[in-house]
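User: Please explain the terms used to describe this model, setting each value against its criterion.

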Amino acid sequence: MAGVLDGLRVLDLSWGSAGPMATMLLADHGAQVTKIEPPGGDPFRSQLGYHAWGRGKRSAVLDLKDAEDLATFLQLAAAADVLVESFRPGVTERLGIDFASLSADNPRLIHCSITGYGRGGSHSDRPGYDALVAARCGLHWEQGGREGGSTAHLSQKPPFAPDFEAPREGQQGPPREGPIFPASRFPSLAAAYAATMGISAALRARELTGRGQWVETSLMQGALVARTMFFHVVENIDAPHFTSWIADSRAPKGLFECSDGRWVHMWPPNPRFVLSAGEGDELDAGADLSVREDRERLGLGPEELFVLHHYQEPMAATARKFTADAWTQAGADADVCIQKVRSPEEALSDPLLFDDGCVAEIEDPRLGAIRAVGITYKLANSPGVVGAGQAPVGRDSEAVRSEAATAQKQPDTNTARQLPGGPLEGIRVLDFGLAVAGPYGAQLLSDLGAEVIKVNALHDWYWHSNHIAMCCNRGKRSIAVNLKHPDAKDAVEKLIASADVLIHNMRYPAAVKLGIDYASLRDGHPTLVYCHTRGHEHGPRENLPGNDQTGACLAGVEWEDGGCERGGRPMWSLTNMGDIGNGFLAAIAICQALYEREKTGRGQWVETAIVNAQLLSASHSVARADGSGFERPRLDPMQLGFSAGVRLYPTADGWLCLSLVTDTHWEALARALELPELRAGARFGDAAARKAGDTEVAQQIERALATQSAAEGFATLDAAGVPCEISSERAGIDLWNDPEAHERQWVVKYPHPMLEELGQVGLSLSLSDTPSRVQGRPLLVGEDTRDILGELGYDAAAIDALFEAGVVGDERVHAALPAADAPAVDSPRATED
């Protein structure tokens, strides 16, 4: 079957990670992607991840500073549908390939720019490397959380239990204070998602308006998106149920070492299961987990921090009695979320992932047969196909030049139609999602202009009072319905009949039981785009409970972010991109299905999974089918960085982050810090020597910086042209006080009935012709129930009857519910992704 993007021509002028990942996703779904490389090739081609991200693309070498080659490129651009570039702001204008210039000749062009910090701002000229963006915006300080949670720190409020000193062995991260360097490229990863989503939404808009537009995102926005779940500021931090132990750096996170030296992650931590199942000499997965009044059952409140530490050592001792595989099997037998932490190479050799297609085999011209991330989202009409391995530099240059000579310019198809509400204006979305993974995708659709109606359970008020629920439920209306009540059927059917999109992440048998599965709806609603997201791949694990953590274990993300290959302990970063990435993949798939629907009039099934998102998080790795890997940078066990040139360094009063990419950078560093052995021609004067002596090189740099303040070290290195940033503990606070961030809606604030005022991460992208926008604060459960029922044709008497029968509720329903009815953290409503 042809891909949903079949026939689209994409010019890829990007490099690094974000752009190559985004254009890989476009190529996977049928677009013809031509990578335009400078003479000598993309300077970042040496990254191992390029062997995944470069698949399915052509390669043409054009020197855009050469008049003849520039003319060839302009001919290609006049016929293109999409252009993706990652130049620094101002470079495209100097080359004459900026959006204004290209769109004048091709008004249908969708031009996507991925920069470090956006254009026209105070940060715009800073070097846009992942590590440095993470440092500049404080992302390194969010990896393990903060005492009492990031919200308390950012809001400058006292943390919960400030005098409580938690045992170090129960906490995540290395045995030191300070920022933590992740192996995951979170800023680029989130920017890749945002770029792909923006392009997909712009394609749908173009079907209606006939016009292309400028899509912009940045690594800075990506860094913000990565911390969506915990990057809040509030006025009333003591509002009931708002804060949780999950964000507290002192809280154990359910990671346990087993008898074979391997680790498992249980999320949420389940004392009853571990202590009961592991009580004897053999694991017994038959522990009764159904007791609602179980005193060992964890809630969400910050006070559970003490309970976690009470059980941490007994649970850890019990975990050490059995192997990681035995615990994983016991979890599967007992329907408990638990997975073995494994490396990306192990993930890529997993036959279950390979059979699903989320891991693919590619014949790479240089490496041979390799395994890499496969298709990450599927549309029923066109599931996607992994293309051939990365083309050698310039392989297709002559063919591309010939095409340019005969290329037909895109016609002017402007319909004069405007979409002031966003590229998804006019689309109604029903969100039946749970926890984060499903609802976040629906929130992204809201930011793109869709009307999103959240279908809540009557008891959802407890979960939606929490900061995690609030991070993925803004800009939505809410109707509270008891879906199991027989009298709810008519209202639900009418609601579905009014919708363009339905999205949920229930385990699918639950949807079948409720009668909202696709087979039940397809014939009666042929234009409906139905999106289901799962925790796991199709296969034996498919209906196991799954979440961000299980996906991170299976895909190798926790292994990578803990520096396990070099002796570290696994780490679940609080900026992880499993749930959030799943939401982006769902939104991308939905936008592309809507784009197709504008042409065919037909809806379809689309799907993705958290494990798919985590495989994309680890897509900087490729491997052989037997699980053996290739040489690549590995995080050190103290989680300072990859190497002497890309890592965090302590200074006299703080921290600096370096990201040295070229020999020129190293020469500048050697001169600035007066380190003669690092000069060209000296002992560590070339890349091979620095690699062999990495530890000693790092020690020399560390000694040189240790006597300077962070500000002094930054001033010295920055003036010399060394890519560096201060990694400041206050960077997040400073960002919330940055007028530019608010003006661009990268962060947003609004009044909130519970919290007085709430600030959250804002928009991940901007669109020039159909602007994205934040439509409002997080919902209150059922606050729109009466209005929505009225729109569906119910009169006031019928609505009152539904309320009286307990079929529906509104935002006042929680006042009548006793506290005992509040779900615990292991409720499906809270954690089943």
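The exchange below treats confidence, helix packing and nonpolar cores in turn.

User: What is the average pLDDT of the protein chain?
Analyst: This is a predicted model, and its protein chain averages a pLDDT of 95, with 96% of the residues scoring at least 70. Over residues 815-833, however, pLDDT stays under 50, and for this stretch the model has 59 contacts beyond four places in sequence.

User: Why are H24 and H25 called roughly perpendicular to each other?
Analyst: Helix H24 (residues 579-600) and helix H25 (residues 610-617) pack at an angle of about 105°, their axes being 8 Å apart. Angles of 65 to 115 degrees count as roughly perpendicular; H24 and H25 are therefore described in that way.

User: Which residues make this contact, and what is their character?
Analyst: H24 contributes Asp 579, Gly 581, Asn 582 and Leu 585, while H25 contributes Ile 610, Asn 612 and Ala 613. By class, the residues of the contact of H24 with H25 are three nonpolar, three polar and one charged.

User: What makes Phe 584 notable in the largest nonpolar core?
Analyst: That core has 134 residues, of which Tyr 193, Phe 584 and Ile 590 touch the most other members. Helix H8 (residues 186-209) gives the most to this core, with 13 residues. Apart from neighbours within four places in sequence, Phe 584 is in contact with Tyr 193, Ala 194, Met 197, Val 225, Tyr 440, Leu 444 and Ser 764.

User: Which residues does the second, separate core include?
Analyst: Among its 32 residues are Ala 491, Met 506, Tyr 518 and Leu 789.

How values were computed. Residues numbered from 1 in each chain as written. Predicted model: local features only at pLDDT ≥ 70, side-chain atom pairs only at ≥ 80, totals over all residues. Heavy atoms only, no water. Axes fitted to C-alpha atoms, helices over the stretch in contact; angles between N-to-C directions. Helix = DSSP H or I, 4+ residues; strand = E, 2+ residues; numbered from the N terminus. Parallel < 35°, antiparallel > 145°, perpendicular 65-115°, else oblique. Contact = heavy atoms within 4.5 Å. Nonpolar A, V, L, I, M, F, W, Y, C, P; charged D, E, K, R; others polar. Core = buried A, V, L, I, M, F, W, Y, C linked by side-chain atoms within 4.5 Å. Buried < 20%, exposed > 50% of the residue type's maximum accessible area, 1.4 Å probe, protein only. pLDDT = per-residue confidence, 0-100.
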